[in-house]
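Welcome! Take a moment to look over the sequence and the 3D view before reading on.

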Protein chains: 2
Amino acid sequence: MLSRGGGRLCSAVTAELGRRIVSGSLQPDESLPTEAEMCAALGVSRTTLREAVKRLHGKGLVVANPRRGTRVRATRFWNQFDSEVLAWRVEAGITPEFLDYLYEIRDCFEPRACCLAATRGSEAEHARIRAHFAEIVAATDDAGRRVAADLEFHLAIFAATGNPYLVSLGSAIRAALHVSFSLSQQRSPIPHQELRLHGQVCDAIIRGDGEGAQRYMRQLLDASRATLGLALHESLKVAP
Amino acid sequence: MLSRGGGRLCSAVTAELGRRIVSGSLQPDESLPTEAEMCAALGVSRTTLREAVKRLHGKGLVVANPRRGTRVRATRFWNQFDSEVLAWRVEAGITPEFLDYLYEIRDCFEPRACCLAATRGSEAEHARIRAHFAEIVAATDDAGRRVAADLEFHLAIFAATGNPYLVSLGSAIRAALHVSFSLSQQRSPIPHQELRLHGQVCDAIIRGDGEGAQRYMRQLLDASRATLGLALHESLKVAP
DNA sequence: GGATCGGCATTTGTATGACAATTGACGACG
DNA sequence: CGTCGTCAATTGTCATACAAATGCCGATCC
């Protein structure tokens with residue numbers, strides 16, 4: 001019932017309940033079982049269970065009241081940009097709808113982040129971006145390495161903006177990016193167009209061309225979205 | 001030591017510790033006192049204290065290890081878009097630097113949100129936006145009502161996008177918006193230009209003019225940023 | 001009959017004490 | 001000098017008890 005992967009028991013319980021809520025097994029406004037029942041079901045003490053529920057409470061997923069029990073809140077109250085919430089959602093399986101939302105968000109702030117990274121990023125930050133791009137190029141034969149490098153490339157851009165909120169946003173969607181990169185690279189080994197656009201984004205940032213970096217990132221997002229749409233379509237046909 | 005404003009004790013402890021961390025009283029990498037010491041200092045049981053710490057842990061503010069104690073994590077690990085974290089930061093006092101970051105974020109999302117609200121929003125959602133604008137206009141004499149209406153106006157735009165992540169973002173920055181609106185309306189009773197721009201954003205959204213709405217919102221943000229800069233400058237001169 | 005008020009039962013909130021697990025520090029030993 | 005084991009400090013988990021809040025329902029009063 002509880003898959004504790006080495007972490008603390010409390011964290012395992014949090015993840016278990018969080019996944020159930022985010023995946024929709026527990027619907028909003030639905031009362032969770034009472035603490036006593038959940039303790040029995042999960043095989044943990046009330047202390048541990050309550051600490052887990054408190055963590056979910058802190059993320060806005062649930063609200064507890066004496067006598068009424070603990071209930072799942074409406075999704076509009078969730079801290080959707082909580083990294084764990086987002087990770088649980090991704091674990092539950094991404095849907096085309098989710099991808100639409102994700103790319104709308106990315107379209108909002110990634111091009112802008114490129115612009116800021118170009119105009120404000122330090123030499124060292126620019127160097128890191130370039131290094132991650134080089135790693136993408138180098139890892140032609142290893143999909144895992146390529147995905148990881150791609151992820152780090154995008155996160156390095158956020159870091160170079162100097163805006164801690166953009167950095168946090170990047171960390172939050174990390175899991176979502178990882179899955180979508182994996183998914184899109186699953187089939188086609190290395191889309192030439194996207195690789196070129198990564199390079200153009202990288203170059204524009206390093207030469208301080210904010211407008212250009214922004215423009216190339218928009219193109220990259222469009223291309224990526226298209227690739228991903230096909231990949232997801234494929235994967236849904238194969239094993240839904 | 002603990003200002004419990006009617007909420008649960010655990011929430012009061014969470015807020016107390018959260019404020020100390022976010023405000024910088026407790027620096028990153030600094031070890032918090034041991035659980036026993038904090039219990040004594042705050043006058044609560046270990047159960048309550050631990051539930052509070054777990055909530056902070058869930059927000060990425062702290063990490064706990066046996067023997068090493070509980071330590072504040074580096075800010076890059078914080079879930080900055082957690083509504084409570086953001087609220088604590090605002091309570092601790094906003095700085096010009098914070099406003100810069102906030103407006104960069106707003107610039108990323110709000111114009112785009114206007115565009116989506118215009119092209120995808122339902123009649124009802126558009127009506128709500130219009131109603132909030134009307135309330136802004138009507139509340140010429142009541143600064144508090146005007147601020148509240150302004151806030152709801154912006155949140156209604158996020159809601160009209162239909163993208164739950166944009167909605168969540170709006171909820172997250174709610175506290176920050178509230179304070180900045182209050183601050184900017186503190187001096188000048190009602191900046192004519194900003195009022196007009198609100199109307200233009202509203203009209204453009206309702207007539208489905210995404211591009212226009214986006215453009216007007218950018219202008220509104222620029223104007224608002226300028227007003228706020230002056231107001232903050234004033235307020236910092238008065239009582240820092 | 002309907003509304004209002006108060007007691008009751010249920011559920012979460014808090015407190016307390018105990019023990020387990022982890023891990024850094026220090027000393028013993030090869 | 002390095003390596004390993006022991007120890008102690010701290011968090012992690014468990015069990016139990018009681019307090020507080022609150023929905024439910026019946027009693028009571030108009």
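A residue counts as buried here if 20 or more other C-beta atoms lie within 10 Å of its own C-beta atom. Please keep in mind that this is a predicted model.

**A covered helix**

With that cut-off in hand, let us begin with helix α3 of chain A, which runs over residues 46-58. The 13 residues of α3(A) reach 18 Å from the first C-alpha to the last, close to the 18 Å expected at 1.5 Å a residue. How many residues of α3(A) are buried? The count is 11 of its 13 residues, so the helix is mostly covered by the cut-off above. The buried residues are Thr48(A), Leu49(A), Arg50(A), Glu51(A), Ala52(A), Val53(A), Lys54(A), Arg55(A), Leu56(A), His57(A) and Gly58(A). Within chain A, they pack against α1 (9-23), α2 (35-42), β1 and β2. From chain B, α1 and α3 are packing partners of these buried residues too. After α3(A) comes Gly60(A), with a positive phi near 80°.

**Where the two chains meet**

The contact between the chains takes 30 residues from chain B and 29 residues from chain A. On the chain B side, α3, α5 (96-120) and α8 (164-172) each give two or more residues. Of these elements, α5(B) gives the most, with seven residues.

How are the two copies related? A turn of 180° with a shift of 0.0 Å along the axis lays chain B on chain A, with an RMSD of 0.0 Å. That is the relation of a two-fold axis. Of the interface residues of chain B, 97% are also interface residues in chain A, so the copies meet through the same surface.

**The surface near the DNA**

Next, turn to DNA strand C, which has 21 residues around it. Which of them come nearest? They are Pro66(A), Leu9(B), Cys10(B), Ser45(B) and Pro66(B). Both chains take part in this surface: β1 (62-65) and β2 (69-72) of chain A, and α1 (9-23) and α3 (46-58) of chain B, each supply at least two residues. The element that gives the most is α3(B), with three residues.

Here are the residue classes of the two surfaces side by side.

| Surface | Nonpolar | Polar | Charged |
|---|---|---|---|
| Near DNA strand C | six residues | eight residues | seven residues |
| Side of chain B that touches chain A | 12 residues | eight residues | 10 residues |

Note on methods
Residues numbered from 1 in each chain as written. Chains lettered and ligands numbered in written order. Predicted model: local features only at pLDDT ≥ 70, side-chain atom pairs only at ≥ 80, totals over all residues. Near = placed C-beta within 6 Å. Helix = DSSP H or I, 4+ residues; strand = E, 2+ residues; numbered from the N terminus. Nonpolar A, V, L, I, M, F, W, Y, C, P; charged D, E, K, R; others polar. Contact = placed C-beta atoms within 7 Å. Least-squares fit on C-alpha atoms with pLDDT ≥ 70 in both. Expected span 1.5 Å × (residues − 1). Buried ≥ 20, exposed ≤ 12 C-beta atoms within 10 Å, placed from the backbone.
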